[in-house]
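Q: Please take a close look at one part of this model. I would like to know how one strand is placed among its neighbours.

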Amino acid sequence: MNISQRILVMAHAHPDFSLGGGELAAYQLFKAYREQPDVEEAWFLGRADRGRGASGAITLRRPNEYLWEQAVHDWHLMKAAHQDSLTTWFADLIRGLKPTVVHTHHYAHLGLEYLRVIKQVDPSIRIVMTLHEYMAICSNNGQMVKTGSSKLCSRESFDECSKCFPSKTPEDFWLRKQYFQRHFEFVDQFIAPSEFLRQRYIDWGLDPEQIVVIENGQSDEAPLPPRPLKEGETRNRFAFFGQINPFKGLDVVLEALTEMPKAERKNIVLEVHGANLEHQPQEFQDKIEKLRAPLIKQGVVQWVGPYQPDELRARMAAVDWVVVPSIWWENSPMVIQEAMVHGRPLLVSDIGGMREKVRDGVDGYRIAARNPTAWSSAIQLSARLDQPGWTALAQNIRRPKGHQDCAIRHLILIHQPLQEKSAQFA
């Protein structure tokens, strides 16, 4: 018989303030936990910037949902800005809620120290951590790409890290790794949404038995019907969804369209449903503007703009393909799972977690990352694909697990016997 659990879900942001994939996955899992019969109570604690700086305050947002006005002052070692709140307000919250499990989805903006505080308050609390990127391995925002050139890194290297950040020595990066690993010792179980990310952390030093793959859950909506076609029209409407930044590869697709023969380009439409371009480096903004302006004028690119989660289904209904051209080792982009839920084949970069999510020629296509020529060819071939070919891809899509199924898989893991760690944290 399973023990009834009391679960606190933590994330580096609350979806009321930020709509990134990690915080959305955490929040949906929190809601799914609340529906499970063997969960007595569940809460959500999300970091938030309410314009007052890192005050350290923890306030009630709505029933069972809390905001923590925390920040990180040292990104190299991921140290919390408001240290006093760790042993006061945060510790008091843990004492008051009395969770049996803390399922955390990040430490960015929160710092690593809260992991120690949880065990200090109650060593019997089980800490589960879902890893959403490679921040412990890479100081460059967990991207595992080199600063300046954005060249992919295939492994950690203290010497190479020092070249990316010349103000830090290789010894500084060795110490950083020891610091992260010491705090990760407080975590009882790690979860990776992709096998690719799991292997990266095993190579970094995590015990293979301590990290398992559980994909983020998705909505249980039915697949969308195919977009109605006009007479003579093909499956020629592509869409980019998500953040527009130098790592997401939108510039690669715009370059692919630019170098495409005019006769082919005029038959293709790329919808851009993206946000936060205005917050990117000016050089990148200028590059995107230079590429998109003539394409918008030609009617090839339609700059639709940001969207709320409840708008996604209607936007996907109007397209045939979803493109994910990221140039970094994506772990498990939420948009891939969302496209699969809605029955839209994908074109993705052939690296990282993207590669394992899409089966080339079965439910989409994998394309050489950072290669505009390869993307140009793939888009042209996809736009010319006949209806039976597109239908076969759509019907072959493996439907992602729903939020409730995802919660059940996590609870099965949580209910497994836990090796006694209380003594070393007491």
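A: What follows looks at strand 9 first and then at a helix contact elsewhere in the chain.

The model is predicted. Strand 9 covers residues 189–192. Is strand 9 covered or open on its two faces? Both faces are covered. Gln 189 and Ile 191 lie on one side, and both are buried. Phe 190 and Ala 192 lie on the other side, and they are buried too. In general, side chains in a regular strand alternate between the two faces of the sheet.

Now the strand partners. Strand 8, residues 126–130, pairs with strand 9 in the parallel sense, over three bridges. Here Thr 130 has Ile 191 of strand 9 as its bridge partner. Strand 10, residues 211–213, also pairs with strand 9, parallel and over three bridges. In this pairing, Ala 192 is bridged to Val 213 of strand 10.

Next, the connection. Helix 6 spans residues 195–204. Together with strand 9 and strand 10, helix 6 makes a right-handed β-α-β unit.

Last, the helix contact. Helix 1 (residues 21–34) packs with helix 15 (residues 403–415) at an angle of about 75 degrees, and their axes are 9 Å apart. Angles of 65 to 115 degrees count as roughly perpendicular, so helix 1 is roughly perpendicular to helix 15. From helix 1, the contact uses Gln 28, Leu 29, Ala 32 and Tyr 33. The residues they meet in helix 15 include His 403, Cys 406, His 410 and Ile 414. By class, this contact of helix 1 with helix 15 has seven nonpolar residues, four polar and no charged ones.

Methods:
Residues are numbered from 1 along each chain as its sequence is written. This is a predicted model: local features need pLDDT of at least 70, side-chain atom pairs count only at pLDDT 80 or more; totals for chains, interfaces and linings use all residues. Side-chain values use heavy atoms; hydrogens and water are left out. Axes are lines fitted to C-alpha atoms, for helices over the stretch in contact, and angles run from 0 to 180 degrees between N-to-C directions. Helices (H or I, at least four residues) and strands (E, at least two) are DSSP runs, numbered from the N terminus. Angles under 35 degrees count as roughly parallel, over 145 as roughly antiparallel, 65 to 115 as roughly perpendicular and the rest as oblique. Contact means heavy atoms within 4.5 Å. Ala, Val, Leu, Ile, Met, Phe, Trp, Tyr, Cys and Pro count as nonpolar, Asp, Glu, Lys and Arg as charged, and the others, Gly among them, as polar. Buried means under 20% relative accessible area, exposed over 50%, partly exposed in between (1.4 Å probe, protein chains only). Two strands pair if DSSP finds at least two bridges between them. A crossover is right-handed if, with the strands pointing away from the viewer, the path from the first strand over the helix to the second runs clockwise.
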